[in-house]
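Biologist: I would like a close look at one part of this model, and then an account of how the rest is laid out around it. Please keep to what the coordinates and the record support.

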Amino acid sequence: MKIVVLIKEVPDTYGERKLNIETGLADRGASEAVLDEIGERSVEVALSHADAHPGTEVVVLSMAPEGSAATIRKGLAMGAGSAVHVVDPGLVGADTGLTAEVLAAALRRVGFDLVIGGNVSTDGSGGVLPAMIAELLDVPSATSLNAVEITEDRVSGERASDAATMRVSATLPAVISVTERLPEGRFPNFKGIMAAKKKPFETVTLADLGIDPEAPEASRSIVIGVSEKPPREAGVKIVDEGDAGEQLAEFLAQNRLV
Amino acid sequence: MQFELDEEQAEWRSILRRFVEKEVAPFAREYEEAHRYPTEIIEKMKDLGLFGVTVPDQYGGMDTGAVGLAIMFEEISRGWMSVAGALGSHTLACFMIAKHGTEEQKQRLLPDLATGKRRTALALTEAGAGSDLQGIKTRAVRDGDGYRINGSKMWITNARYADPLPVLVRTGTQNRGSRELSILLVDGDAEGLEVSRDLGKLGYRGIETCEVVLNDVWVPEANLLGGEEGKGLKQVLSSLEIGRVNVAARSLGIAQSALDKALTYAKQREAFEQPIAEFQAVQLKLAKMATDIQAARLLTWWAASAIDRGARSDVESGMAKYLASETAVSAALESMRIHGASGYSTEFEVERLYRDAPLMVIGEGTNDILSMVIARGLLKNAG
């Protein structure tokens, strides 16, 4: 079985995250770049299946700027067998539509039985890519899974939504996305880091995938404006002189919070 | 001249840092207060392959080199130095077995030691002999196809978990001389081997430091390290450079943690309506700590990279251990001063650093002995 895991480099979730106000893009210099934790969990799902099923091939796939190779290699250090990195100047500021198109084309090129991604990244928080990719590839998708079981020809799991928990399953090939309920990714060890250097690492461009980022017939979203978040204004301070409760109730009523 | 880690070493450091932040640091205070052995942390370190850092690849280890080892010991000690103790003598013993063991000994022991399935330690020092190892009294005499050992060892970390426990013994008949000593690998369940007591300590808690009694313990000839008598002292001395890098790196971990905590506290704590970090008196301390730590770190990496190049590193590793451990002691105290009364309180972790740091000055060759090693090296090379 061939499992392709979608991974992403993001600004450190626990560090400072900023937008470049001029370009509207994430300011990659503002904090350390890390492999998105949900991506690590996705890799872990694939690797634990591979541990129990020898012969399983695990590939990590990422669309990312040129400097992201070290982050993608972390997936290899964890234990994936090979990596594919889509990098192209035409992808700067790509929206979810273009990203899905690119990843779907890359998946067709790599080949897959199962695609695993995180349900939502910690930076963009779009949460739509796995479903969009499945649509473009014309395969079933099962998103936001809290539990995953993979067999020879099926993938099934538990899908949580706000209203209910559903048992879902799909025949392979398929695309799934997983939530933070799945186990954390394993720590790579020094041997893994050294081995990662020698594993196949393919870099592909938009031309390799036959995609034109400027294609006029494709609908693309356009950023109209970006601005700083306004600074927080000083709040109302209530000092208790016996009537703090009344003042609080008044404040809530005035602001239509009750 | 190259002062940076290479890409793999930097990656190794960042993985360890995350591991320690998640799996070690949050438990340090609670475990140490309860004198609790960090079993769970050790199991996780096994998963990460940390027990195999000095075991060659062919025996299942991951041979990170001395720089990789220094990175590991610094990062772990930054979370809690005691945990590094579970790896310290284990890595030294593995290094010795890999370097001096017979092929049969290596194949029999190293694969399990690399994964941590079996663990080991080093029983060298005695109540009456530490820096002066030639003064040990534990004796082994030929008995059938093996040796019978009698004696006792003191300050043995991990003794309870060691299988085998390498024991430095006197096999010769002379009182002094480098050919009189040998190392015997004693099975953990050998009859007559007893861990008689745990020693109370100022710091370095959670990890047991033991007295070991060997009462008529018989070991087969096959467990004589390297298969030749009289090589013990040489075998031990060959691992000392790695040992000093290990303690230098642990010192860096303590010192860096002291600085990290001082920086955080100085920015949070206010006095006279401003953070105390604004005061020059505090800034002077921070600057001195950071400078000393970086100097000691570069010295440690320099000594470690000499080992990795196959060059001599006795003076180099001696200097590194000397400066780094003195820095750990001073940084812990300076951090405590910056913390004020909070630093003296067990509610904060600085007091633990203050208790752990002095061991770095004493262990693995006291700084006085190491100063002699450094001076001898200097004098030998002076015109």
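Biologist: Which residue follows α8(B), and what is the sign of its phi?

Modeller: This is a predicted model. The residue that follows α8(B) is Gly340(B), and its phi is positive, near 60°. The helix before Gly340(B), α8(B), runs over residues 314-339 of chain B and has 26 residues. From its first C-alpha to its last, α8(B) reaches 37 Å, close to the 38 Å expected at 1.5 Å a residue. The helix is mostly covered, with 21 of its 26 residues buried.

The surroundings of α8(B) come next. UniProt, in an unreviewed entry, gives residues 230-379 of chain B as "domain: Acyl-CoA dehydrogenase/oxidase C-terminal". Over those residues the chain is 82% helix and 3% strand, and the C-alpha atoms at the two ends are 29 Å apart. The domain assignment of chain B gives three parts: domain 1 (7-115), domain 2 (133-230) and domain 3 (234-381).

Domain 1 and domain 3 of chain B have their centres, taken over C-alpha atoms, 20 Å apart. Their contact takes 24 residues from domain 1 of chain B and 23 residues from domain 3 of chain B. On the domain 1 side, the elements that give two or more residues are α2 (25-33) and α4 (65-100) of chain B. The largest share of that side, 20 residues, comes from α4(B). By residue type, the domain 1 side divides into twelve nonpolar, six polar and six charged residues.

For the N-terminal part of chain B, the unreviewed UniProt entry lists "domain: Acyl-CoA dehydrogenase/oxidase N-terminal" at residues 7-117. This stretch of chain B is 76% helix and 0% strand, and its end C-alpha atoms are 30 Å apart. One of its helices is α5 of chain B, residues 103-115, where Asp112(B) is placed. Asp112(B) counts as partly exposed because it has 16 C-beta neighbours inside 10 Å, and the buried class starts at 20. Apart from its neighbours within four places in sequence, Asp112(B) is in contact with Lys117(B) and Arg118(B). Gly52(B) lies 60 residues from Asp112(B) along the chain, and the C-alpha atoms of the two are separated by 9.2 Å.

Strand pairing in chain B can be followed from β1(B). Strand β1 (residues 139-143) and strand β2 (residues 146-157) of chain B run antiparallel and are joined by five bridges. Val141(B) has Arg148(B) in β2(B) as its bridge partner. The two strands form a hairpin with two residues between them, and Gly144(B) in the turn has a positive phi of about 65°. On β2(B) there is a further pairing, with strand β6 (residues 209-220) of chain B: ten bridges join them, and they run antiparallel. In that pairing, Gly146(B) stands opposite Pro220(B) in β6(B).

Chain B also touches chain A. The contact takes eleven residues from chain B and eight residues from chain A. Helix α1 (residues 7-23) of chain B supplies the largest share of the chain B side, six residues. The chain B side divides into five nonpolar, three polar and three charged residues.

Chain A has 258 residues, of which 36% are buried. There are seven helices and eleven strands in chain A, and its C-alpha atoms fill a box of roughly 75 × 45 × 40 Å along the principal axes. Of the contacts in chain A with a separation of 6 or more, 68% are between residues 24 or more positions apart. An unreviewed UniProt entry places "domain: Electron transfer flavoprotein alpha/beta-subunit N-terminal" at residues 23-213 of chain A. Over that range chain A is 33% helix and 28% strand, with end C-alpha atoms 18 Å apart.

One helix of chain A can be checked for length as α8(B) was. Helix α1 of chain A, residues 37-52, has 16 residues, so at 1.5 Å a residue it should span 22 Å; its end C-alpha atoms are 23 Å apart, which agrees. The buried residues of α1(A) include Ile38(A), Val43(A), Val45(A), Leu47(A) and His49(A). Charged side chains are also among the buried residues of α1(A), including Glu40(A), Arg41(A) and Glu44(A).

Key
Residues are numbered from 1 along each chain as its sequence is written. Chains are lettered from A and ligands numbered from 1 in the order in which they are written. This is a predicted model: local features need pLDDT of at least 70, side-chain atom pairs count only at pLDDT 80 or more; totals for chains, interfaces and linings use all residues. Helices (H or I, at least four residues) and strands (E, at least two) are DSSP runs, numbered from the N terminus. A residue is buried if 20 or more other C-beta atoms lie within 10 Å of its own, exposed if 12 or fewer, and partly exposed in between; C-beta atoms are placed from the backbone. Two residues are in contact if their C-beta atoms, placed from the backbone, lie within 7 Å. UniProt positions are given in the numbering used here, feature names are shortened, and annotations may be inferred rather than shown by experiment. The expected span of a helix is 1.5 Å times one less than its number of residues. Two strands pair if DSSP finds at least two bridges between them. Domain bounds come from an automatic or database domain assignment.
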